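Please look over the fold below. The report covers overall form, helix packing and backbone geometry.

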Amino acid sequence: MTSDISPSLADALAAGTVVLDGGMSNQLASAGHDLSDELWSARLLADRPDAVSDAHLAYFRAGADVAITASYQATFEGFGKRGISHEEAARLLALSVALGRDAAGRARAEGIVRPLWVAASVGPYGAMLADGSEYRGRYGLSVDELERFHRPRLEVLAAAGPDVLALETVPDADEAAALLRAVRGLGVPAWLSYSVAGGQTRAGQPLEEAFALAAGVDEVIAVGVNCCAPEDVERAVEVAARVTGKPVVVYPNSGEVWDAEARAWTGQSLFDAGQVEGWRAAGARLIGGCCRVGPEAIAGIARVV
């Protein structure tokens, strides 16, 4: 379901460049919310949904065209570990999409008239484990097992009416294969975005092979990378465009490194909106930021594009 004043996201990507938002977690943390829980930003779907809508609105104000929902860490299994019922978990998943829509409505009420879209975040299996394994992959599960894990929440998110499903931060080509099977027949387009390092998936697979999985999947309107270092972007964009012929999505981290044991970011930010032109030249059409990239950086991207 597209936003009420918007063309489809696929049509917009065919026409030009679209700006994604930045990191949800850092925006919530900067507003004073504690994200030390294993549910991360998904906890606020239950505890402070207004804060999630506010974070989306901050990015729309900064120039983002697409809000990525706070459902990255939201799974039936993860909620279940906190004593949240299957029915309530389904409500919270659907709420994540509604909050993106709410923020878009608030943005329009403020006079923002450009098309705005909502992407329902679907994080990898490792995000549910909350142990950093989304940066490693190789969970010891089969493609069939991973498909069975992802399909139920994909069905709930698709029924909530997002413009696109964001299959994001995927560390492993096997998990990508499972996700690509799981999105079939849902009636909602998707993008597939790997987390990469040094020219490979986080699990060590060649990017050519990883991107090729999506080349013939009609549901996929864009492929690319996210939650990676900025310096890993340009080569990945070139490979994704060449292998699939699809528009490329890219939203790297700031360049800081996540320490899963300490649950903290280390290092310095290397994100520079000036890099965007090189990414566009390589084939990127859907551009934003991931962890530690905030509204100011997204405003910089919006100015460039």
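The text starts with the whole chain and then turns to one helix and two residues.

This is a predicted model, in which local features need pLDDT of at least 70, side-chain atom pairs count only at pLDDT 80 or more, and totals for chains, interfaces and linings use all residues. Residues are numbered from 1 along each chain as its sequence is written, and side-chain values use heavy atoms, with hydrogens and water left out.

**Overall form**

The protein has 13 helices and 12 strands. These are DSSP runs, numbered from the N terminus: helices are H or I with at least four residues, strands are E with at least two. The C-alpha atoms fill a box of roughly 50 × 45 × 40 Å along the principal axes. The radius of gyration is 17 Å, which agrees with the value near 19 Å for a compact globule of 305 residues. That radius is taken over C-alpha atoms, and the globule rule is 2.2 Å times the number of residues to the power 0.38.

Of the 305 residues, 58% count as buried. Buried means under 20% relative accessible area, with a 1.4 Å probe and protein chains only. Among contacts with a separation of 6 or more, 78% come from residues 24 or more positions apart. Contact means heavy atoms within 4.5 Å.

**Packing of helix α4**

Helix α4 (residues 49–62) packs with α13 (residues 295–304) and with α6 (residues 86–109). Axes are lines fitted to C-alpha atoms over the stretch in contact, and angles run from 0 to 180 degrees between N-to-C directions.

| Pair | Axes | Angle |
|---|---|---|
| α4 and α13 | within 8 Å | roughly 30° |
| α4 and α6 | 8 Å apart | about 50° |

α4 and α13 are therefore roughly parallel; the cut-off is under 35 degrees. On the α4 side, the contact is made by A58, Y59 and A62. P295, I298, A299 and A302 contribute from α13. The contact has seven nonpolar, no polar and no charged residues.

α4 and α6 are therefore oblique, a class for angles outside under 35, 65 to 115 and over 145 degrees. Their contact includes V52, L57 and F60 of α4 and L95, L99 and R106 of α6. By class, it has nine nonpolar, three polar and three charged residues.

**Two backbone exceptions**

Which residues have a positive phi although they are not glycines? T169 has a phi of about 60°, and C227 one of about 55°. T169 lies in strand β4 (residues 164–170). C227 lies in the loop between β8 (220–226) and α11 (233–244). T169 counts as buried at 2% relative accessibility. C227 also counts as buried, at 2%.

Definitions and conventions
Ala, Val, Leu, Ile, Met, Phe, Trp, Tyr, Cys and Pro count as nonpolar, Asp, Glu, Lys and Arg as charged, and the others, Gly among them, as polar. Buried means under 20% relative accessible area, exposed over 50%, partly exposed in between (1.4 Å probe, protein chains only).
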